[in-house]
Every structure is written in C-alpha cells, then in structure tokens.
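Me: Could you take a close look at one part of this model with me? I'd enjoy a connected walk through it.
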Amino acid sequence: MRTICIMNHKGGVGKTTTAINLAAGLSRQDKKVLLIDLDPQGNIDLSLKVNAEHDLYDAMTGKIMLNSCIVNLAKNLDIISSKETLAKAEYYLYRQEESKLVLKQLLSQLHGYDYILIDCPPSLGILNQNALAFCKEVFVPTSTDFLGFDALKKMKEIVSEINDAYGNNAQITKIIPTMFDKRNKICKQTLKEIQESFGNKTSQPIRMNSKVKEAPKHGKSIFKYAKSSPGAKDYGQLVYEVVAMES
Ligand SMILES: Nc1ncnc2c1ncn2[C@@H]1O[C@H](COP(=O)(O)OP(=O)(O)OP(=O)(O)O)[C@@H](O)[C@H]1O
Ligand SMILES: [Mg+2]
C-alpha cells in the first residue's frame, strides 16, 4: 500500500486538482484508492459532490468509527471528506499527548487499498505534520513561477524536520509542475530549474487548461468531464508515471 500526501504550504498551486485527478486516474487503472481530504476548506467534497454525512473530524475525535466516514464514489475509489469542522480538530489535536501521531494511529487501521492519497491544506500546521508522520511519500505540486520554486525548496527542509522529530522516513518522490504555459518565459525557466534540482523526480508538467478549472463545478474528474482535453492527457501521463514507480 502506497501512502502519499499531496502537500505544499503555498496556496493555490494545484494540490486539490492533482489529488482528485490522480485518485480518479489511478482508480481507472484498477488500483484501489482512498482519497482523504485533510483540508478544512472541504474542496474535495464540493468538487466531487460527495455529500458525506460524516467527515474526518468525526473519526479523529472518536465520535464515529473511521469506516463510517468512508464513502464509495466510483469503482475502486473511496473518499473521506472534510468540512470546516476540521479546523476545530487542530484544537483537539494540540490537547492530545501524541498530537502529531493521531492521524497515523487512525489510518493504520486501513487495509486493502493500493493507494491512500491525502490532499493537504496550505499550511505548516499540525494537520500537515500529522500527514507527514503517517505517509511514506510526498508529492509536491508546484506552480511554475518564481515563488512556486522558492516554496518547493522549503518543502524539502520541512519533510526532513518532521522525519527527524517522529522517526518517519517520508520521501519527496514526485514534484509536479502545474499551471504550465509554454509560451511564458518564467514558466519555462522555472520548469528548467525544477528539473535541474530534482531530476527524474520531476513529472511532466501539467499545462494550464480551462477544462481542468471547469471540471469541479460539474462534480467530475478531468477524465469524466473532458477526456480528450490537454488536462486529461497531462493527468493521464502523471498516472502512468506514478504507476511506473511501483516497480
Ligand atoms: N492545470 C490547471 N489549469 C487551469 N486551472 C487550474 C489548473 N490546476 C489548478 N487550476 C485551478 O487553480 C485553482 C487552484 O487549484 P487547487 O484548488 O487545486 O489548488 P490548491 O493548491 O489545492 O489550493 P489550496 O492551497 O487553497 O488548497 C483552482 O481554481 C483550480 O481549478
Ligand atoms: Mg486545496
């Protein structure tokens, strides 16, 4: 079972978009996937029209069993949603003795998935520290601009600090350049810098594509909403690369 958090403390770089489309793409490749929303913004519930009755907060605080907040959305694709209540979980977590290990203890009960993907909030707070203490892999979507590249360098330090603090060995295994526009000089320069720094961990870039932006309004992944679009092609290529890493 691969446990992957999709994380970047910088906001709006394509984390949720990547989490949704990667999860959908992997499930279409016959991989059994659980997609977990760890962001109080609750974007996954909204973008995929899940309408979950219970969310991660209910399970984290012991109100309900973890299994009761798992919703099956499609063949091979299960979801655990979040709502704004998850912001309250931060207070709850700080009061726990092992506050950074609550998620790990909860999710360690899960079996039978090929992939657990966690969509993380844009912060360096306790929720993300919990995700880093559980996952073995970190995928970092990063916008192809100057500030995006700067945030990416910081992510490397953060992962290593959490590993040291909680005895984990999470590795950044994929950098995903997003919102790429090949006509834009900064985008091309930034992509080159990312590739020079991170070598073959860098995926093919995800191009800026209006269909990718529209899909959440229709409650669909890019593969369902516009299967011939550049966005579907780019996320399809990412799925291919991620599956290839298995060997
Ligand atoms: N390849 C793309 N082409 C066009 N629009 C995109 C693309 N990727 C993401 N977007 C849009 O950019 C915005 C931010 O994307 P997204 O919500 O995935 O970022 P995020 O990193 O999860 O944000 P946050 O930090 O707030 O959680 C959204 O409106 C999304 O539809
Ligand atoms: Mg998001």
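Which residue just after H8 takes a positive phi? And please describe the helix itself while you are there.

Reply: Happy to! Keep in mind that this is a predicted model. The residue you are asking about is Gly199, which follows just after H8 and has a positive phi of about 50°.

Now to the helix itself. H8 covers residues 185–198. Its 14 residues, at 1.5 Å a residue, should span 20 Å, and the C-alpha atoms at its ends are indeed 20 Å apart, so expectation and model agree.

Next, its two sides. Cys187, Thr190 and Ile194 are the buried residues of H8. Viewed down the helix axis, these buried residues fall within an arc of 70°, so they line one face of H8. The general background is helpful here: an α-helix has 3.6 residues a turn, so residues three or four places apart point the same way. Lys185, Lys192 and Glu196, on the other side of H8, are exposed.

What lies over the buried residues? The cover includes strand E6 (137–143), helix H7 (146–166) and strand E7 (171–178).

If you would like a helix pair to view alongside, try H4 (residues 86–94) and H6 (residues 126–134), which pack at an angle of about 70° with their axes 9 Å apart. That angle makes H4 roughly perpendicular to H6. Glu90, Leu93 and Tyr94 of H4 make the contact with Ile126, Leu127 and Asn130 of H6. Sorted by class, this contact has four nonpolar residues, one polar and one charged.

Key:
Residues numbered from 1 in each chain as written. Chains lettered and ligands numbered in written order. Predicted model: local features only at pLDDT ≥ 70, side-chain atom pairs only at ≥ 80, totals over all residues. Axes fitted to C-alpha atoms, helices over the stretch in contact; angles between N-to-C directions. Helix = DSSP H or I, 4+ residues; strand = E, 2+ residues; numbered from the N terminus. Parallel < 35°, antiparallel > 145°, perpendicular 65-115°, else oblique. Contact = placed C-beta atoms within 7 Å. Nonpolar A, V, L, I, M, F, W, Y, C, P; charged D, E, K, R; others polar. Expected span 1.5 Å × (residues − 1). Buried ≥ 20, exposed ≤ 12 C-beta atoms within 10 Å, placed from the backbone. Arc of directions from axis to C-beta.
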